[in-house]
Amino acid sequence: MKRLAAALTGVLALAALAACAEEPGDAGGDGGAGTVAFLMPDLASTRYEQYDAPLFEQKMAELCADCEVIYQNADSDAALQQQQANSAIAQGAEVLVIDPVDSTAAATIVQTAQSQGVKVVAYDRPIPDKPADFYISFDNEAIGEAIGQSLVDHLDATGAEGGILQVNGSPTDAAAGLIKQGIHNAVDDSGYELLAEYDTPDWAPEDAQQWVSGQIAQFDGQIAGVVAANDGTGGGAIAAFKAADADVPPVTGNDAELAAIQRIVAGDQYNTISKPIRIVAEAAAEVAYQLMQGEEPEATHDLFDTPSQLFEPTVVTQENLAEVIFGPDGVLAPEDVCTTEYADACAALGIS
């Protein structure tokens, strides 16, 4: 996996440089050249390679035609992310945009960068122990509450009986902690018993699958639904039920990954969260550029003593999938989702 991460890093870094080279000088912002690092946490979530990095690089090229973007993915290795941050600083990065592998460990990155006059933008996941210069994300507690409440409402509407499993994200990810709290806000007083919950190391789908498999054996016939904190853990939960040859109950997700949208179309996954990555990626680029210019970005919130912009998420189910996912802010097209395997299910939902 490390070789894969390095290869992807090189490809995207070259793409960023090419984008800067191809933009005419008068097409970008009027500021001087500079360097910004975009440091993502893992390869378990496909979004970073497919969406976040390319969208961030494109927006930076628009804002600053002569700026360089250093892209790195830490592949779930906090120590590697520290090395990548140090390397970016050594290469002259004026701003680090970092989605931390480990929110606690990332405090050291913030301390090191700020001591050398380098600004830090926390991206997607906050860094509670050492305030960054800015934080960009969707409202993670609101995400947890939204997916949890959506599931509870569905269970109520269908007259479901039984309890709920809660599959949280990584215990080293502060954003996962916020999502977890939001889920509890929705589930704890719902009237459905919380049968068990699990913090998934590194958000690994295979770990979520293994844990849910054990719960299926323990709570045979008692599981009315599963609140999973993202699409990867939700996919792991669904795989566990299928491997056990058991009926798949409603399962939540978050991130609107392609595989999750296809599972929703097929009826295997109940919901996900649409967080148009373009919104946060472009906002992060704008904030990074402002910081490079010595400007103070405008905050809408203050979280962990960090000025922040927090955007509102949207719950996606079969009912609004076509509008939200294929609308003007969507990143998928019907032909992406409605492959041969899913063509009939798409047709049944009026998607073509």
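**Sheet order, helix packing and disulfides in a predicted model**

Seven strands form an open sheet of mixed pairing, in the order E2-E1-E3-E4-E5-E11-E10. Strand E2 (68–73) and strand E10 (301–303) are the edge strands, each pairing on one side only. From one strand to the next, the twist averages 25°. Strands (E, at least two residues) and helices (H or I, at least four) are DSSP runs numbered from the N terminus, and two strands are taken to pair if DSSP finds at least two bridges between them. The model is predicted: local features need pLDDT of at least 70, side-chain atom pairs count only at pLDDT 80 or more, and totals for chains, interfaces and linings use all residues. Residues are numbered from 1 along each chain as its sequence is written, and side-chain values use heavy atoms, with hydrogens and water left out.

Within this sheet, strand E4 (residues 119–123) pairs with E5 in the parallel sense over three bridges, and Val121 has Phe134 of E5 as its bridge partner. E5 also pairs with E11 in the parallel sense, here over four bridges; in this pairing Phe138 is matched with Phe311 of E11. At the E10 edge the sense is antiparallel, with three bridges joining E10 to strand E11 (residues 306–311). Asp302 stands opposite Pro307 in E11.

Strand E5 (residues 134–138) is largely enclosed by the rest of the structure, because five of its five residues are buried. Burial is defined as under 20% relative accessible area, with exposed meaning over 50% and partly exposed in between (1.4 Å probe, protein chains only). Both faces of E5 are covered, with Phe134, Ile136 and Phe138 on one side and Tyr135 and Ser137 on the other.

Helix H3 (residues 78–90) lies across strand E1 (35–40), E2 and strand E3 (95–98), and runs at about 175° to E1. Axes here are lines fitted to C-alpha atoms, for helices over the stretch in contact, and angles run from 0 to 180 degrees between N-to-C directions.

A further set of paired strands involves E6. Five bridges join E6 to E7 in a parallel arrangement, with Val167 and Tyr198 of E7 as bridge partners. E6 also pairs with E8 in the parallel sense over five bridges, and Ile164 stands opposite Gly225 in E8. Six of the six residues of E6 are buried. Gly163, Leu165 and Val167 point one way from the strand, while Ile164, Gln166 and Asn168 point the other way.

Helix H6 (residues 174–187) has 14 residues, which at 1.5 Å a residue should span 20 Å; its end C-alpha atoms are 20 Å apart, in agreement. The expected span is 1.5 Å times one less than the number of residues. H6 is mostly covered, with ten of its 14 residues buried; among them are Leu178, Ile179, Ile183, His184 and Val187. The buried residues pack against helix H5 (140–158), strand E6 (163–168), strand E7 (194–199), strand E8 (223–228) and E10. At the start of H6, a side-chain oxygen of Asp173 comes within 2.8 Å of the backbone nitrogen of Ala175. Such a polar contact is a pair of N or O atoms within 3.5 Å; within protein, one must be able to donate a hydrogen and the other to accept it, and residues adjacent in sequence count only if both atoms are side-chain atoms.

Asp42 is placed in the loop between E1 and helix H2 (47–63). At 3% relative accessibility, Asp42 counts as buried. Its side chain reaches the backbone nitrogen of Ala44 at 3.2 Å. Apart from neighbours within four places in sequence, Asp42 is in contact with Tyr48, Asn73, Asp75, Ser76 and Arg125, contact meaning heavy atoms within 4.5 Å.

A search of the whole structure finds two disulfides, defined as pairs of cysteine sulfur atoms within 2.5 Å. In the link of Cys64 and Cys67, the sulfur atoms are 2.0 Å apart. This link is right-handed, with 80° about the S-S bond, and both Cys64 and Cys67 are buried. The sulfur atoms of Cys338 and Cys346 are 2.1 Å apart; their link is left-handed, with -95° about the S-S bond. Cys346 counts as buried at 0% relative accessibility. With bonded cysteines counted along the chain, the disulfides follow the pattern 1-2, 3-4.
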